[in-house]
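Open the model in your viewer and keep the selection box at hand. Each stop below says what to select and what is there.

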Amino acid sequence: MNIGVVGCGYVGLVTAACFAELGHSVVAAECDASKLRILQKGQSPIHERDLPGLLRRHSGARLQFRQSIAEVVQHAQVVFICVGTPALHNGESDLSHVDAAVREISRCVRSHLLVVEKSTVPVRTCAAIRRAMILNGVSPDLFSVACNPEFLREGTAVRDFLYPDRIVIGVGDERAQRLLNRVYRPLTSGKYYRRCDRIPSGSSASIRIIETSPETAELIKHAANAFLAMKISFINAVATIAESVGADIGEICTGLGSDARIGSAFLNAGIGFGGSCFPKDLYAFRALADKAGYRFDLISEVIRINDDQRVRFVEKVRMALSPLRGKHIAVLGLSFKGGTDDIRESPAVEVLRRLIHEGVTVAAFDPAAMIRARKEFPEAAVRFAADPYKAMIDADALLILTEWPEFAALDLSRVRNLLRSPIVLDGRNLYSPSQMKTAGLDYTSVGRPPVLADSTQTESVALTSSADDASWTTGGRPSLGTAT
Ligand code: UGA
């Protein structure tokens, strides 16, 4: 089929590349000229697993990038709107980019076109798009409108697209339903999964298409993101209690998540959720509920717990290093989660900002987000290191703020030897406390009792430290809660 995509952010770009991967012919529009140049060279402007491979495979052939929406509409039977919907100051979604896209699409419709809303939008946006197109002079029999929300996580978006749990289709007429079913047939028929050149995935591909009204589809997306955010805030609240009573949040999650009615996904305690989706979508959902006459206080509480989680972590750093002013810390992780270079609403960035404000200097490392982070922080406050270990040299403490897999596999004796003080504060619970204790590290995490280094281990680690890493001596090592 001929497909169009408007907007090449992470949702639009993954959508365009994956439709090309499914065998469709795709033209995608991007208005940012510098991004467009990168895309037209077959490269990816974002860090997203599997995307570079798909772009190399399809760019210039089944996948074309253009600046003008007109060329997209000329090409397509189905156009997916994937433009940004940022939050306004009152929490509502700013639909001006959707509006502009619809105006431009309306100008160009010549034969029947299915316009599909993929960005997360308030309920009744599909109906508003339909109205706008009619007001823009497009005859109702020349177009259909549908909602097909995305459930793509940054970092695993390509696999989420190709191996979805479900596909939600909100349609108002049979033609739209037929067209969307055809778009996804390579997945629903299993044809894609029989290809030997498919993008591999551990998950099995049994796909459920949920056909419903556009309003219901729009609400499913809002409710899904709010529910996932609620799970995270719930477990973070339990983690706070666990800290007070000496319980272990990891074991609580195992006990809780083993109940099939609850499930273990999205129950990782830490410094909270961030990103371009959850925070914005929660505000939008609450604003939408307000408009519908319902005070959704549960959402306010989810937001409050999430905000608190960062503040509580900074407090732990303060306790471990007090006084903070003049201390030098190593930070691993800047992106809002592992697997992405996205730092929007990143809890790591927020924690760092607060610590810098309190007078610490920072050496930071992130596998993908340092280029973006450089624009956020003054040079004097943050030095960006070439690898995790270089960030640790002579630091008064190590902070782990993003759940990159490589941060869970550090050489702990090297860590021990590089740090001036063997203090690790882990905002993502990547290590077991006993492992850190044995490695000679004072370790504070989230929802688990802090541990002090095993001092016999500490001596032996110190004695075997390599000359390269030796910036630490056995004397004067502080215990948790004291200053160097
Ligand atoms: C989220 C949803 O998971 C997608 O289904 C949805 O399509 C997307 O928003 C969107 O609306 O576009 P994303 O924001 O990419 O995807 O990332 P998630 O994997 O959901 O993580 C969000 C945040 O929650 C991250 O900061 C992550 O570190 C945090 N998190 C996640 C936790 O703190 N604990 C967990 O157990 C899981």
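**Stop 1: two paired strands**

Select strand β2, residues 25-29, and then β3: the two run parallel and are joined by four bridges. Helices (H or I, at least four residues) and strands (E, at least two) are DSSP runs, numbered from the N terminus, and two strands pair if DSSP finds at least two bridges between them. One pair to display is Val26 with Leu63, its opposite number in β3.

Before going on, note that this is a predicted model, in which local features need pLDDT of at least 70 and side-chain atom pairs count only at pLDDT 80 or more, while totals for chains, interfaces and linings use all residues. Residues are numbered from 1 along each chain as its sequence is written, and side-chain values use heavy atoms, with hydrogens and water left out.

**Stop 2: the other side of β2**

Now add strand β1, residues 2-6, which pairs with β2 in the parallel sense over five bridges. Asn2 has Ser25 of β2 as its bridge partner, and Ile3 stands opposite Val26. In general, strands of a sheet pair through backbone hydrogen bonds, either parallel or antiparallel.

Is β2 mostly covered or mostly open? Four of the five residues of β2 are buried, where buried means under 20% relative accessible area, exposed over 50%, and partly exposed in between, with a 1.4 Å probe and protein chains only. In β1, too, four of five residues are buried.

**Stop 3: the whole sheet**

Widen the selection to the open sheet of eight strands, ordered β3-β2-β1-β4-β5-β6-β7-β8, with mixed pairing. At its edges lie β3 (63-66) and β8 (208-212), each of which pairs on one side only. On average, neighbouring strands are turned by 25 degrees against each other, direction ignored; the axes here are lines fitted to C-alpha atoms (for helices over the stretch in contact), and angles run from 0 to 180 degrees between N-to-C directions.

**Stop 4: helix α3 and what precedes it**

Select Asp50, in the loop between α2 (33-40) and α3. Asp50 is not a glycine, yet its phi is positive, near 75 degrees.

Go on to helix α3, residues 51-58. Which of its residues are buried? They are Leu51, Leu54, Leu55 and His58. These four lie on the same side of α3 because they cover an arc of only 100 degrees around the axis, the arc being that of the directions from the helix axis to the C-beta atoms. An α-helix has 3.6 residues a turn, so residues three or four places apart point the same way. The cover over the buried residues of α3 includes α1 (10-21), β3 and α7 (157-162); contact means heavy atoms within 4.5 Å. After α3 comes Gly60, with a positive phi near 85 degrees.

**Stop 5: helix α6**

Select Arg124, in the loop between β5 (113-117) and α6. Arg124 has a positive phi of about 80 degrees although it is not a glycine, and at 59% relative accessibility it counts as exposed.

Then pick Ile129 in helix α6, residues 125-135. At 3% relative accessibility, Ile129 counts as buried. Leaving out residues up to four places away in sequence, Ile129 touches Ile81, Val98, Val102, Val115, Glu117 and Val145.

**Stop 6: a cavity and a cis bond**

How many cavities of 30 Å³ or more does the structure hold? It holds one. On a 1 Å grid over the protein atoms alone, a cavity is a set of points where a 1.4 Å probe fits but cannot get out, and lining residues have an atom within 4 Å of a point. The largest cavity has a volume of about 40 Å³, the volume being the space filled by probe spheres set on the points, which are joined across faces, edges and corners. To find it, select its lining: Glu243, Gly270, Ile271, Gln309, Arg312, Phe313, Lys316 and Val446. Helix α12, residues 297-321, gives the largest share of that lining, four residues.

Pro323 is in the loop between α12 and β9 (328-332). The peptide bond from Ser322 to Pro323 is cis, with omega near 0 degrees.

**Last stop: helix α13**

Select Leu355 in helix α13, residues 347-357. Leu355 counts as buried, at 0% relative accessibility. Not counting residues up to four places away in sequence, Leu355 touches Val314, Val317, Leu324, Ile329, Val360 and Leu399.

Terms used: 1 Å grid on protein atoms, 1.4 Å probe; cavity = no way out; pocket = protein on both sides within 12 Å on 5 of 7 lines; lining within 4 Å.
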